[in-house]
Structure formats: structure tokens, C-alpha cells
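Let's take a friendly walk through a protein model, one helix at a time. Keep the 3D view open and turn it as you read.

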Amino acid sequence: MFTDEVHTLVGAGRGEKSNLDVANILKPYLDRGDIKIITSTTNEEYELFMNDSAFKSRFKKIRVEEPDRNTLLQILDGVIKGLEKLYNVKFDYDGIIRTNIFNLLIDLTMDKNRDYKDKINNPRLLLSIVKDMFISASYNNHESILIDDIIFGIDECDRIYVSVKEKYKVELNKIFKSDMKESSVKVLRLYNKDNL
């Protein structure tokens, strides 16, 4: 069984007359091996809410770090195919152009560019921007992702500093070298992150 936000199981369902919560109900099943659970939560929520040490001891904590650039590129490649089918919109960029757009989006969502009060990590933040690109394209009846759709995805992300978003949108415009109003226009320059 997979559960998200494991800390919510501690205290869930507890009534006025009973201390029995979901965590306590699950303990014997976990001990006997009747069920196996994989779950997730953040480090902060784990420390703050997982105050039932007996329940906590039944799980092995595995820290999952943000993926590196190569892994993020692979994740994007896989997700794009699914989003193309879901939204009936193509991401018509290949090879170096595709990689340059992906690298720009990865650089945009790096930790240093995120609002320090927001703890969202990659790939979640990156995928949120990409999904918004497809939503924009679908809503505007575009057959392919255009620069306006990418800019919409960037603008919709409120977890990135505004000044950083503006800087990357300028760089995106340099990549495209045109407003890309027509999907047949694909004059692009190579993305050079040293220019940022």
C-alpha cells in the first residue's frame, strides 16, 4: 500500500473517548507483515508530526534528494510524451533545441531561484511549469507548444522570484529569436547558460 503524507495517519480518526487512531490500527498488521506500506512526507512534517515512536519505528526512513540534471532531463523526456497524448499538443522540438529548452527550465527551477519560504522541490516544480505550458497550448488551440505557452508556464509559477522569471523569459526569447506565432517557425539559437 502507498500512502502520501504519512504524518496524517498519526491522530487520524481519534475520537473523544478513544485514543485509537489509524496509526495504532495499522501497527499489528505491520508487525505481522500482513500489509507492507511505502509512504512519503517531508523531513519537516516527519519530525513535527510523527510523535508516535512505536509507529515511527516500523518504517525505515529513506531520504530522497532532488534528481541531478541528467535525471531531470530523462524525467522531462518521459513526461512530455504523456502530456502530448493527454492534451493533444505536440512538443515539436528535437535534439539540441529540445535540450536547450529543457536546460533553461531546469536552471530556472534551481534552488537558488526559488522563494526561500517555499519548500517545493524538483521534479515537482519543473513538471508544474511544463504542465502549465501544455494547458496553455491546449486552451489556445495550438497544435504545438509555442513560446507564448512556455512563457505562460513560467509566469504561472509563483514559487520562482519574479526578477528571475523575467531574466529567463528574456533568455527564452533569445533562444527562439522570433515570437513563434506560427508553429512552422523554428529559428532558434543554441542555449548558452553562461549568458545568464
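**How the helices meet**

In this predicted model, begin with helix 5 (residues 95-108) and helix 6 (residues 124-139), whose axes come within 9 Å and cross at roughly 130°. That makes helix 5 oblique to helix 6, since an angle over 145 would be needed to count as roughly antiparallel and 65 to 115 to count as roughly perpendicular. The crossing of the two helices is right-handed. Which residues make the contact? Helix 5 brings L105, I106 and L108, while helix 6 brings L126, I129, V130 and M133. Sorted by kind, the residues of this contact are seven nonpolar, no polar and no charged.

Now move to helix 4 (residues 69-87). At 1.5 Å a residue, its 19 residues should span 27 Å, and its end C-alpha atoms are 26 Å apart, which agrees. Which residues of helix 4 are buried? They are L72, L73, L76, I80, L83, E84 and Y87. Helix 5 and helix 6 are among the elements that cover these buried residues, so the pair you have just met turns up again here. After helix 4 comes N88, which has a positive phi, near 55°.

Finally, look for I175 in helix 8 (residues 162-176). Is I175 buried or exposed? Its relative accessible area is 1%, and because buried means under 20%, I175 counts as buried. Along the sequence, I175 and L104 are 71 residues apart, yet in space their C-alpha atoms are 9.7 Å apart.

Conventions: Residues are numbered from 1 along each chain as its sequence is written. This is a predicted model: local features need pLDDT of at least 70, side-chain atom pairs count only at pLDDT 80 or more; totals for chains, interfaces and linings use all residues. Side-chain values use heavy atoms; hydrogens and water are left out. Axes are lines fitted to C-alpha atoms, for helices over the stretch in contact, and angles run from 0 to 180 degrees between N-to-C directions. Helices (H or I, at least four residues) and strands (E, at least two) are DSSP runs, numbered from the N terminus. Angles under 35 degrees count as roughly parallel, over 145 as roughly antiparallel, 65 to 115 as roughly perpendicular and the rest as oblique. A crossing is left-handed if the near helix is turned anticlockwise from the far one by less than a right angle, and right-handed if clockwise. Contact means heavy atoms within 4.5 Å. Ala, Val, Leu, Ile, Met, Phe, Trp, Tyr, Cys and Pro count as nonpolar, Asp, Glu, Lys and Arg as charged, and the others, Gly among them, as polar. Buried means under 20% relative accessible area, exposed over 50%, partly exposed in between (1.4 Å probe, protein chains only). The expected span of a helix is 1.5 Å times one less than its number of residues.
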